[in-house]
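Hi,

Here is the structure I promised to pass on, with my notes on it underneath. Have a look at it first, then read on.

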Amino acid sequence: MTGLQALKYLREGKKVTKSTMGSEFYAVVLTPEKDGAPYTRIAWVLTHEVDENWVQSWCGGDPFDGSDFLMDDWEIVE
């Protein structure tokens, strides 16, 4: 799917990934009210993390590059 479609699904609370990322990571929106994040942001989260505290899972990870949305290689995870 396109990057714009991926943004739409993220906004709806879905998890998305890029086909080049394999099955190791997915993108998710972290929100202060729900996740304890300091501000709303998109983050890459490991798929094998059993910890639902995504903020902790994200710490030390790669920052999300907004230019990823310029590519049309996105897939819905759930």
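One cut-off before anything else: a residue is called buried when its relative accessible area is under 20%. I start there because D73, with a relative accessible area of 18%, counts as buried by that rule. Also keep in mind that this is a predicted model.

**Overall layout**

The chain has three helices and four strands, and from the N terminus they come in the order α-β-β-α-β-α-β. There are 78 residues, of which 33% count as buried. If you take the contacts between residues at least 6 apart in sequence, 45% of them join residues at least 24 apart. The exposed surface comes to about 5,000 Å², with carbon and sulfur atoms supplying 54% of it.

**Helix 1**

Which residues of helix 1 are buried? In this helix, residues 3-11, they are G3, A6 and L10. They span an arc of only 55° around the axis, so they sit on the same side of helix 1. The face turned away from that buried side has L4 and R11 as exposed residues. As for what lies over the buried residues, the cover includes strand 1 (16-18), strand 2 (25-30), strand 3 (41-46) and strand 4 (74-76). Just past the end of helix 1, G13 adopts a positive phi of about 95°.

G3 deserves a click of its own. Its relative accessible area is 1%, so G3 is buried. Leaving out residues up to four places away in sequence, G3 touches F69, M71, D72 and W74. Take F69 from that list: its C-alpha is 4.1 Å from that of G3, although the two are 66 residues apart in sequence.

**The cores**

The largest nonpolar core has eight residues: A6, L10, V16, A27, W44, F64, F69 and W74. Two of the buried residues of helix 1, A6 and L10, are thus back again here. A second core lies apart from that one; it has five residues, among them Y26, V28, L30 and A43. As general background, nonpolar side chains in soluble globular proteins tend to be buried together.

If you want one residue to click on in the largest core, try V16. Not counting neighbours within four places in sequence, V16 contacts M1, A6, Y9, L10, Y26, A27, W44, W74, E75, I76 and V77.

**Salt bridges**

How many salt bridges does a search of the whole structure find? It finds two. In general, side chains of opposite charge can pair when their charged atoms come close.

One of the two joins the side chains of E12 and K8, at 3.2 Å from N to O. Both partners are partly exposed: E12 has 47% relative accessibility, and K8 has a relative accessible area of 46%.

The other joins the side chains of K18 and D73, at 3.3 Å from N to O. K18 is in strand 1 and D73 in the loop between helix 3 (54-58) and strand 4, so this pair ties together parts that are 55 residues apart in sequence. Are these partners buried or exposed? K18 is buried, at 7% relative accessibility, and D73 is buried too, at the 18% I began with.

Shout if you have questions.

Cheers

Key. Residues are numbered from 1 along each chain as its sequence is written. This is a predicted model: local features need pLDDT of at least 70, side-chain atom pairs count only at pLDDT 80 or more; totals for chains, interfaces and linings use all residues. Side-chain values use heavy atoms; hydrogens and water are left out. Buried means under 20% relative accessible area, exposed over 50%, partly exposed in between (1.4 Å probe, protein chains only). The arc is that of the directions from the helix axis to the C-beta atoms. Contact means heavy atoms within 4.5 Å. Accessible areas come from the Shrake-Rupley method with a 1.4 Å probe; for residues, only the protein chains shown count as cover. A nonpolar core is a set of buried Ala, Val, Leu, Ile, Met, Phe, Trp, Tyr and Cys residues joined through side-chain atoms within 4.5 Å. A salt bridge is a side-chain nitrogen of Lys or Arg within 4 Å of a carboxyl oxygen of Asp or Glu.
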